[in-house]
Amino acid sequence: MAEKLVYSFGANVKGGDASMKSLLGGKGANLAEMSNLGLPVPPGFTITTEVCNAYYANGRRYPDGLEEQVKAALADLEKAAGKVFGDPANPLLVSVRSGARASMPGMMDTVLNLGLNDETAAGLAKLSGNERFAYDSYRRFIQMYSDVVLGLEHGVFEEILGAKKDENDYASDTELSADDWKAVIQGYKRAVQEHLGVAFPSDPMEQLWGAVGAVFKSWMNDRAIFYRNMHQIPESWGTAVNVQAMVFGNMGDDSATGVAFTRSPSTGEKRYYGEYLINAQGEDVVAGIRTPKPITKYAREAQREKGLSLEEALPEVYAQLTAVFDKLEAHYRDVQDIEFTVERGTLYMLQTRNAKRTAPAAIKIAVDMVNEGIITKEEAVSRVDADSLNQILHPIIAPSYQRDILCTGLPASPGAAVGKVVFNSEEAEKLAKAGQAVILVRDETSPKDINGMHAAKAIITARGGQTSHAAVVARGMGRPCVCGVTALRLDEHAKTFTALGRTVREGDIISVDGAAGQIMLGAAELVQPDLTGDFDTLMSWADEFRRLKVRANADGPVDAKQARDLGAEGIGLCRTEHMFFDPERTPVVVEMILANDKAGRVAALAKLLPMQRADFDGLFEVMAGLPVTIRLLDPPLHEFLPKSEEDVAAVSRATGATPAELLQRADALHEFNPMLGFRGCRLAIAYPEIYEMQARAIFEAALDVKKRTKSAPIVEVMIPFVLARRELEIIKQSVIAVADAVFAERGDKVEYLVGTMIELPRAALRAEEIAGEAEFFSFGTNDLTQTTLGLSRDDAGGFLEHYLRAGIFEQDPFVSIDQSGVGALVQIAAAGGRKARPGIKLGICGEHGGDPASVAFCDAAGLDYVSCSPFRAPIARLAAAQAALSRK
């Protein structure tokens with residue numbers, strides 16, 4: 001730890017600058033930078049993030065030397081402000097605020113007006129000549145300090161204040177006189193004594209250390225932890241604490257406080273944007289105690305607001321403020337989010353930071369700033385958060401819509417949808433075919449729900465996490481999905497579900513916001529994203545800079561077309577098992593499974609051949625001229641057999657097999673751990689005719705498309721779950737034999753490769769041997785993560801949160817690749833594969849292919865492409881460009 005733990009700013013002190021965010025936090029670094037620029041910043045000091053980390057490392061004790069450095073910084077602050085902390089005649093009051101390296105608005109604690117007690121409040125009244133202002137500030141301090149530091153709920157004080165207003169028939173806080181505030185203050189003090197058994201602290205130094213401790217403690221509060229996990233902010237960054245001389249926006253009608261942006265954070269429009277309040281403090285704007293007014297006349301008129309904008313009420317201050325806006329945006333070369341206070345006509349800057357913005361705004365701002373000559377194309381590409389593109393790739397709920405939230409869960413797949421509630425896939429499919437929008441609500445989903453999921457506008461599950469079957473498939477389809485809705489109780493017999501005391505029946509209309517994890521009653525207003533103009537411009541720049549190719553995971557022509565429209569350069573994974581779950585094919589698949597010998601299986605497979613060929617035909621036509629990787633059948637055969645009595649009866653009628661035969665075969669195929677059982681290439685070793693039929697369907701379809709369109713797809717046949725070279729050798733020979741036979745029959749041929757999916761640790765470790773047969777490797781990181789970590793992605797959601805909190809994982813390994821474990825195996829396999837076959841094609845086709853951090857890893861590892869859900873293709877394109885630019 002550095003010896004210097006406290007840095008001063010303001011009053012011509014140059015203790016830090018904007019480059020020191022890791023040490024001073026974003027707020028502290030930017031306060032120092034604004035001060036260095038000569039802007040009107042109240043003086044103060046910053047306690048570094050290193051102190052926060054030491055505080056937690058040492059059992060919540062401060063490091064040696066901190067107290068002395070704080071006292072010295074406070075003395076400098078007193079000198080700069082011309083006031084003395086705790087002096088009744090000339091009191092210095094301070095604010096104590098958090099300030100992490102990354103902005104975490106509202107997640108941690110703040111205390112304003114610190115240093116007030118009975119004596120200093122009287123001194124402030126005399127010094128300011130405004131008794132009402134002084135006691136208004138004092139009551140604010142007691143209320144905020146008691147809540148943040150002492151843990152006494154805000155509502156206790158609201159009741160006291162409300163009673164005073166009722167007693168005098170006041171409608172607003174601004175109507176209370178100085179004497180009224182004095183009475184309220186006495187009530188507040190009594191409440192602290194009664195509830196906590198101690199008097200409210202009157203010693204300013206005790207107040208200061210109490211507030212500093214509260215800010216550091218707030219780094220580990222539940223909302224801060226949740227926010228960090230959501231935005232992948234490391235706990236190890238810690239927060240700084242900023243102690244700053246107070247300036248007052250509540251000193252009368254020539255005083256004000258506000259928050260503003262140099263451009264609109266919602267749309268990116270190049271107009272000043274913000275709100276302010278006359279005679280108020282910053283908490284009033286944030287907490288909604290009073291309704292703020294727009295800062296500009298234009299916005300006031302557009303919103304049809306009564307009263308005056310800041311531009312109209314305090315025109316000289318507004319002119320100063322806009323000059324500061326322009327200076328800060330030019331200096332930081334980015335849109336700024338600014339907090340300001342006006343004290344008796346004098347402007348003070350309390351914060352600036354790069355503004356958080358919506359994805360549409362981020363794209364517009366980036367493109368506009370390139371056109372304005374402020375930033376380069378490379379900077380524009382690097383500035384737009386790749387993950388934020390989720391906001392514009394799916395329908396969204398209109399910002400003005402008033403939400404009646406029924407319950408919440410995990411935001412598993414973004415987008416918004418409105419539809420009728422259904423509880424099973426068959427009903428979903430039936431109503432969808434009749435032209436009705438439906439939302440599928442299940443305890444959990446399985447591969448057999450694929451048609452219902454495809455038919456539904458959104459999926460909700462009571463169980464499962466963000467990498468469960470429902471989540472993975474929904475993202476692949478671009479369907480909004482909310483998983484793990486623990487408050488949801490399903491009663492499929494009654495065809496209802498309840499949540500937090502409210503009941504929803506089948507056929508009722510609900511709305512889903514997949515990005516927020518919210519389920520709402522009624523039909524929300526939806527708006528479609530705009531994927532033209534600035535979006536196209538930014539993505540064209542991204543394509544200039546990236547090295548990695550981007551493909552998509554798609555199982556049919558609709559998904560494939562969507563992927564191609566979103567910039568995918570091929571199909572990295574087509575899961576053929578999804579085609580087998582079609583209800584019209586189920587009887588034939590069951591017939592094949594029930595067959596007692598090869599001849600019976602071949603006869604059943606002959607019926608499936610034209611169906612499979614038609615599947616591949618549509619896919620190849622959309623992707624003509626581009627590579628298409630088709631994974632041959634992977635799941636265990638028992639997944640295709642009926643489970644419920646109703647399903648058994650239906651399949652029995654369709655196939656002629658008795659229910660007893662079906663159940664007997666299901667029992668024979670039952671496995672205790674099917675994920676590691678009779679699946680993937682193991683099926684083809686035992687029953688080679690299955691893969692032979694699929695290979696024939698692939699090559700016949702490819703030749704049909706070539707003949708019809710004059711443009712052949714580049715076929716890549718992928719053998720799943722390989723663990724040894726010999727497995728692949730046997731199956732590859734079979735695929736080649738089928739290809740040769742089809743080419744001979746047709747008198748034509750297409751380019752093709754045979755490769756494998758690396759999803760077992762042994763395969764990664766023996767990759768050099770396997771590459772003797774494999775012409776490409778595709779890393780199936782979903783299963784590779786499961787087999788490497790010994791975790792089930794469908795079950796780990798129940799305890800992964802504990803691992804994240806304990807720091808065992810920094811991120812969910814099913815969301816972002818475990819670089820030191822799973823990633824190490826990818827690197828070993830890539831090196832081994834290239835050693836044996838220098839030109840081997842390497843890609844990734846798990847869910848990680850659409851995660852920006854995982855894309856960056858794949859770029860650094862030298863892979864050739866990533867493949868992801870169609871709707872994440874733009875995200876992967878942008879992330880790949882950012883990864884390439886970061887290496888320059």
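A polar contact is a pair of N or O atoms within 3.5 Å; within protein, one atom must be able to donate a hydrogen and the other to accept it, and residues adjacent in sequence count only if both atoms are side-chain atoms. The structure is a predicted model, in which local features need pLDDT of at least 70 and side-chain atom pairs count only at pLDDT 80 or more, while totals for chains, interfaces and linings use all residues. Residues are numbered from 1 along each chain as its sequence is written, and side-chain values use heavy atoms, with hydrogens and water left out.

**Exercise 1. Describe the surroundings of threonine 756.**

Solution.
Step 1. Threonine 756 is placed in strand E31, residues 752-758. Helices (H or I, at least four residues) and strands (E, at least two) are DSSP runs, numbered from the N terminus.
Step 2. The relative accessibility of threonine 756 is 0%, so the residue counts as buried. The classes are buried (under 20% relative accessible area), exposed (over 50%) and partly exposed (in between), with a 1.4 Å probe and protein chains only.
Step 3. A polar atom of the threonine 756 side chain lies 2.8 Å from the backbone oxygen of isoleucine 719.
Step 4. Contact means heavy atoms within 4.5 Å. With neighbours within four places in sequence left aside, the contacts of threonine 756 include Met718, Ile719, Leu728, Ala774 and Phe777.
Step 5. Proline 201 is 555 residues from threonine 756 along the chain, and their C-alpha atoms are separated by 69 Å.

**Exercise 2. Identify the residues with the most contacts inside the largest nonpolar core.**

Solution.
Step 1. A nonpolar core is a set of buried Ala, Val, Leu, Ile, Met, Phe, Trp, Tyr and Cys residues joined through side-chain atoms within 4.5 Å.
Step 2. The largest such core has 149 residues, and Phe620, Phe699, Ile719 and Phe777 have the most contacts inside it.
Step 3. Helix H28 (residues 688-709) gives the most to this core, contributing 11 residues.
Step 4. Among the residues that phenylalanine 699 touches, not counting those up to four places away in sequence, are Val715, Val735, Phe743 and Tyr752.
Step 5. A second, separate core has 66 residues, including Phe45, Val51, Val70 and Phe216.
Step 6. As background, nonpolar side chains in soluble globular proteins tend to be buried together.

**Exercise 3. Determine which elements are linked by the salt bridge of arginine 696 and by that of arginine 746.**

Solution.
Step 1. A salt bridge is a side-chain nitrogen of Lys or Arg within 4 Å of a carboxyl oxygen of Asp or Glu. A search of the whole structure finds 58 salt bridges.
Step 2. Arginine 696 pairs with glutamate 745, with the closest N and O atoms 2.9 Å apart. This pair links helix H28, which holds arginine 696, to helix H29 (residues 725-746), which holds glutamate 745, across 49 residues of the chain.
Step 3. Arginine 696 is partly exposed at 22% relative accessibility, whereas glutamate 745 is exposed at 53%.
Step 4. Arginine 746 forms a salt bridge with aspartate 704, the closest N and O atoms being 2.8 Å apart. Arginine 746 is in helix H29 and aspartate 704 in helix H28, so this pair ties together parts 42 residues apart in sequence.
Step 5. Arginine 746 is partly exposed, with a relative accessible area of 36%, and aspartate 704 is also partly exposed, at 24%.

**Exercise 4. Establish whether lysine 841 and glutamate 716 are buried or exposed, and describe their pairing.**

Solution.
Step 1. The closest N and O atoms in the salt bridge of lysine 841 and glutamate 716 are 2.8 Å apart.
Step 2. Lysine 841 belongs to strand E33 (residues 841-844) and glutamate 716 to strand E30 (residues 714-719), so the pair ties together parts that are 125 residues apart in sequence.
Step 3. Lysine 841 is partly exposed, with a relative accessible area of 23%, while glutamate 716 is buried, at 0%.
Step 4. Elsewhere, salt bridges that share partners join Asp543, Arg546, Lys549, Glu569 and Arg877 into one network.

**Exercise 5. Locate glutamine 786 and list its contacts.**

Solution.
Step 1. Helix H32 (residues 781-789) contains glutamine 786.
Step 2. With a relative accessible area of 10%, glutamine 786 is buried.
Step 3. A polar atom of its side chain lies 3.0 Å from the backbone nitrogen of arginine 793.
Step 4. Not counting residues up to four places away in sequence, glutamine 786 touches Met675, Leu791, Ser792, Arg793 and Phe814.
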